[in-house]
Amino acid sequence: MSQQIKRVVLAYSGGLDTSIILKWLQDEYQCEVVTFTADIGQGEEIEPARAKAIKMGIKPENIFIEDLREEFVRDFVFPMFRANALYEGEYLLGTSIARPLIAKRLVEIAQMTQADAISHGATGKGNDQVRFELGAYALMPGVKVIAPWREWTLSSRESMLAYADQHGIPVDFKKRKGGGAPYSMDANLLHISYEGGILEDPNFAPEDSMWRLTKSPEKAPNKPQTIELTYEKGDVVAIDGEKLSPAQVLTKLNEIGGLHGVGRLDKVENRYVGMKSRGCYETPGGTILLAGHRAIESITLDREVLALKEDLMPRYARMVYNGYWFAPERVLLQGLIDASQATVNGTVKLKLYKGTIMCVGRESLTDSLFDPKISTFDDDGGAYNQADAGGFIKLNALRLRIAANARAARAPKPAAKKAAAPKKAAEPKKAAAPKAAAAEKAPAADKAPAVKKPAARKAAAKKTA
């Protein structure tokens with residue numbers, strides 16, 4: 001194994017973990033180590049990493065410390081925000097979007113120094129290992145990737161501290177005593193993420209002291225602030241009329257948004273490796289960018305173009321989250337998104353107040369599709385014939401009516417009620433002569449003359465006597 005690797009480029013922060021990895025690479029692979037430390041706006045001093053690397057035996061010419069803030073925002077953050085990307089409807093992808101840039105520079109430095117491997121400090125449980133390595137393989141297919149967390153036996157804090165002591169690696173007192181932060185953090189110019197430790201209980205509410213970029217909405221100013229963003233081809237180029245570079249735009253929006261408590265998120269998300277993970281995020285500037293971009297697109301993009309972007313956005317966000325920034329499908333989709341931004345020019349006014357953002361104005365002097373002559377509820381001078389809406393509605397309702405008729409035809413007919421058997425008609429009585437008529441033909445009995453008895457009856461009467 002040691003003969004296979006002559007030189008490796010390590011993504012090096014200068015912290016305890018990557019310092020241990022640096023020494024472990026030297027011991028395990030017996031190779032030369034090149035360190036790469038990127039400033040992507042994490043807000044920490046990175047120059048001390050140089051002194052630490054030299055102390056670990058790294059040659060000065062093998063130490064690369066670079067300020068990548070402008071490239072990060074211009075070539076990664078801004079293109080992503082043109083897509084309005086949100087992972088699982090909430091996460092603004094602050095960690096995800098930084099990884100392809102780091103992978104890109106790792107590969108470029110490996111090629112520059114003729115290294116045959118790269119290394120990172122991502123664990124075997126997370127998404128970052130996937131993002132780093134997919135990016136590296138896309139740009140340098142034959143590169144070897146060394147992921148110590150998937151190889152070594154240093155599986156606990158105690159074993160790592162023992163390794164550090166054995167090899168003279170300085171350990172911060174708080175880390176040694178277990179008094180460090182009760183969670184892990186990752187920061188860049190777009191956001192800060194917090195995860196692990198006490199946050200692994202998704203029902204635990206983090207203390208307000210955890211948040212570093214934003215004030216709590218309760219403590220934010222009682223007076224709202226309205227800002228104006230100027231857009232050119234989908235990117236913010238000025239704030240309140242002041243022209244700024246991409247990194248300057250995001251830095252200033254972080255300050256403004258953080259002051260007003262904008263951009264906090266507490267989320268349980270689905271990692272690409274299969275497990276659920278709870279993370280807390282602060283993305284004040286990004287939250288403002290998203291609100292403003294949606295507002296300017298609302299008046300400059302065609303309805304169906306906007307709908308298509310909305311359909312594609314979740315897929316685009318998954319590509320970024322899962323590490324496919326350099327994959328052909330993301331590059332192809334980015335071309336479509338960027339083409340849609342040609343008309344996304346103008347200004348947006350946003351009011352920030354206690355954790356909220358409200359758009360209070362949007363204007364595009366060159367590309368607005370909002371026509372007040374047509375949209376007005378007052379007299380439009382014949383610009384829109386309201387009678388046309390009747391035919392429009394009927395044509396669009398045609399399929400609904402056809403389907404309704406078809407359902408009605410298929411529906412079982414209700415059983416007819418069984419008709420009651422007709423009553424048997426009474427036979428007509430023999431007609432009797434009306435009493436009046438009978439009376440005319442025959443006299444009443446009391447008026448009839450006495451009938452003479454037959455002779456036999458007379459004889460019988462005599463015998464009896």
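Contact here means heavy atoms within 4.5 Å. With that in hand, here are some close-up views of this predicted model.

**View 1. Serine 19 sits in helix H1 and is buried.**
Let's start with a single residue in helix H1, which spans residues 16-29. Serine 19 has a relative accessibility of 6%, and therefore counts as buried. Leaving aside residues up to four places away in sequence, serine 19 touches Tyr12, Gly14, Met56 and Ile169. Its side chain also reaches the backbone oxygen of glycine 15, at 2.7 Å.

**View 2. Strands S1 and S2 pair in the parallel sense.**
Here strand S1 (residues 7-11) runs alongside S2, and five bridges join the pair. For a landmark, look for alanine 11, which stands opposite phenylalanine 36 in S2. Strand S2 covers residues 32-39, and seven of its eight residues are buried, so the strand is largely enclosed by the rest of the structure.

**View 3. The whole protein, for orientation.**
Before moving on, it helps to step back. The protein's secondary structure comes to 15 helices and 14 strands. Of its 465 residues, 43% count as buried. Among contacts with a separation of 6 or more, 73% are between residues 24 or more positions apart.

**View 4. Five strands make an open sheet with antiparallel pairing.**
Reading across the sheet, the order is S10-S9-S8-S13-S14. Strand S10 (242-243) and strand S14 (356-363) are at the edges with a single partner strand each, so one side of each has no neighbour in the sheet. Helix H8, made of residues 246-259, lies across S8, S9, S10 and strand S13 (346-353). The angle between helix H8 and S8 is about 155°.

**View 5. Two hairpins link S8, S9 and S10.**
Follow the chain from strand S8 (residues 225-232) into strand S9 (residues 235-239), and you will find the two paired in the antiparallel sense over four bridges. Two matched positions are easy to pick out: glutamate 232 stands opposite aspartate 235 in S9, and threonine 230 has alanine 238 of S9 as its bridge partner. The S8-S9 hairpin has two residues between its strands, and lysine 233 in this turn has a positive phi of about 50°.
The chain then turns again. S9 and S10 form a hairpin with two residues between them, and here aspartate 240 in the turn has a positive phi of about 50°. S9 and S10 pair in the antiparallel sense over two bridges, with glutamate 242 in S10 as the bridge partner of isoleucine 239. S9 itself is mostly covered, with five of its five residues buried.

**View 6. Helices H3 and H8 cross at roughly 85°.**
Two packed helices are described by the angle between their axes and the distance between the axes. For helix H3 (residues 69-82) and H8, the axes come within 7 Å. The crossing angle makes H3 roughly perpendicular to H8. On the H3 side, the contact is made by Arg69, Glu70, Val73, Arg74, Val77 and Phe78. H8 contributes Pro246, Ala247, Gln248, Val249 and Leu250. Sorted by class, the contact has seven nonpolar, one polar and three charged residues.

**View 7. Serine 364 lies in the loop between S14 and helix H12.**
Helix H12, at 372-375, follows this loop. Is serine 364 buried or exposed? Its relative accessibility is 9%, so serine 364 counts as buried. A polar atom of its side chain lies 2.6 Å from the backbone oxygen of asparagine 345. The side chain of serine 364 also reaches the backbone nitrogen of aspartate 367, at 3.0 Å. Not counting residues up to four places away in sequence, serine 364 touches Ile299, Thr300, Asn345 and Gly346.

**View 8. Alanine 342 lies in the loop between helix H11 and S13.**
Our last stop is in the loop after helix H11 (328-340). Alanine 342 has a relative accessibility of 45%, and so counts as partly exposed. Along the chain, alanine 342 and glutamate 232 are 110 residues apart, while 8.2 Å separates their C-alpha atoms. Glutamate 232 may be familiar from View 5, where it stands opposite aspartate 235 in S9.

Key
Residues are numbered from 1 along each chain as its sequence is written. This is a predicted model: local features need pLDDT of at least 70, side-chain atom pairs count only at pLDDT 80 or more; totals for chains, interfaces and linings use all residues. Side-chain values use heavy atoms; hydrogens and water are left out. Two strands pair if DSSP finds at least two bridges between them. Axes are lines fitted to C-alpha atoms, for helices over the stretch in contact, and angles run from 0 to 180 degrees between N-to-C directions. Angles under 35 degrees count as roughly parallel, over 145 as roughly antiparallel, 65 to 115 as roughly perpendicular and the rest as oblique. Ala, Val, Leu, Ile, Met, Phe, Trp, Tyr, Cys and Pro count as nonpolar, Asp, Glu, Lys and Arg as charged, and the others, Gly among them, as polar. Buried means under 20% relative accessible area, exposed over 50%, partly exposed in between (1.4 Å probe, protein chains only). A polar contact is a pair of N or O atoms within 3.5 Å; within protein, one must be able to donate a hydrogen and the other to accept it, and residues adjacent in sequence count only if both atoms are side-chain atoms.
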